[in-house]
Amino acid sequence: MKKFKVILPLLLAVILGGMFVTWKNQSYSATDILENANFDVENPTISLHRIDTDKEDIFSEIKISKETQKELLKSFQQATFKKTAIKTVDYDYRMTISLNTGYPMFIDSKNKTLVLLTTKESFEIVKGHDFFSMLEKAAEDSKKLVDVQHQMNEVVMQHRLPVTYVGGTTGHGEFHTSFYSNHSTEELGIRYDVKNRGTQQFSWKITHSEGKLWAQGTLAAGEEQTSILEKGSYTMPEGEYAISIITVDGAEGMFDFAIEVVE
């Protein structure tokens, strides 16, 4: 009987140890950790926010193109996950995958882990680390886009002052900004150059604040357009003008745009 009492705790320890090892080594797919997820739904989306606890509003939106969303979703779907006991509050991102329902999660890119907000479960991505490199690139590209747009929005078109946008991108397939014109069309001409530096066709147009179309065009990948309007040959009322560039199918594009007054 005494011998049995000694063996029983050892047996339980072996069983529990085996269960722990099994739990630790068990791998999961994306459909395992996202309950009832249907990756075949039409128009799945990913929304992404950077987390910065030093700011009053700790969440800042990261705008990512539809194409990048598809790539991130594909990478996540193909990844392999393991449950982890790692607990952290040092998250980089909040991400929501919207399929047949929404799946919000916090992401720690340093430890390659995520926490599902619906179940509070933590998982480590053990296969599919390209997901994190894609995530970082999407965040970096979004920051560059915001910086370019801020620069463009601060530009005011003045007499003899050229306005040049180099390496602009169409986040979510569109780019919009504006400039102000107050030069004399009788004394000065105007020149504008547009170049499609991306891989997708885009259309562009310039409209006056009153809604009147001033110029427009369509450029295939690699094409560029230059137009010079001689003084006295065109009209351009003083005021604000809107520039819009839109790529086909909502794909992300890249462009150069310049406009200047000439004698």
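## Thr170

Thr170 is buried: its relative accessible area is 0%, and the cut-off for buried is under 20%. The model is predicted. Thr170 sits in a loop. Strand E9 (163-169) lies on one side of that loop in sequence, and strand E10 (174-181) on the other.

Which residues does Thr170 touch, leaving out those up to four places away in sequence? They are Phe175, Ile245, Thr247, Ala251, Glu252, Gly253 and Phe255. For Gly253 there is also a polar pair to report. A polar atom of the Thr170 side chain lies 2.6 Å from the backbone nitrogen of Gly253.

## Asp90

Is Asp90 buried or exposed? Asp90 counts as exposed, because its relative accessibility is 52% and the exposed class starts over 50%. Like Thr170, which is in a loop, Asp90 is found in a loop. The Asp90 loop runs between strand E4 (80-83) and strand E5 (93-98).

Phe106 is 16 residues from Asp90 in sequence. In space, the C-alpha atoms of Asp90 and Phe106 are 9.6 Å apart.

## The chain as a whole

The chain has 263 residues, and 40% of them count as buried. Thr170 is one of the buried residues. The secondary structure comprises 4 helices and 16 strands.

How much of the contact set with a separation of 6 or more comes from residues 24 or more positions apart? The share is 70%.

The exposed area of the chain is about 15500 Å². Carbon and sulfur atoms supply 51% of that area.

Terms used: Residues numbered from 1 in each chain as written. Predicted model: local features only at pLDDT ≥ 70, side-chain atom pairs only at ≥ 80, totals over all residues. Heavy atoms only, no water. Helix = DSSP H or I, 4+ residues; strand = E, 2+ residues; numbered from the N terminus. Buried < 20%, exposed > 50% of the residue type's maximum accessible area, 1.4 Å probe, protein only. Contact = heavy atoms within 4.5 Å. Areas by Shrake-Rupley, 256 points an atom, 1.4 Å probe, with all protein chains shown as cover. Polar contact = N/O pair within 3.5 Å; in protein donor to acceptor, adjacent residues only side chain to side chain.
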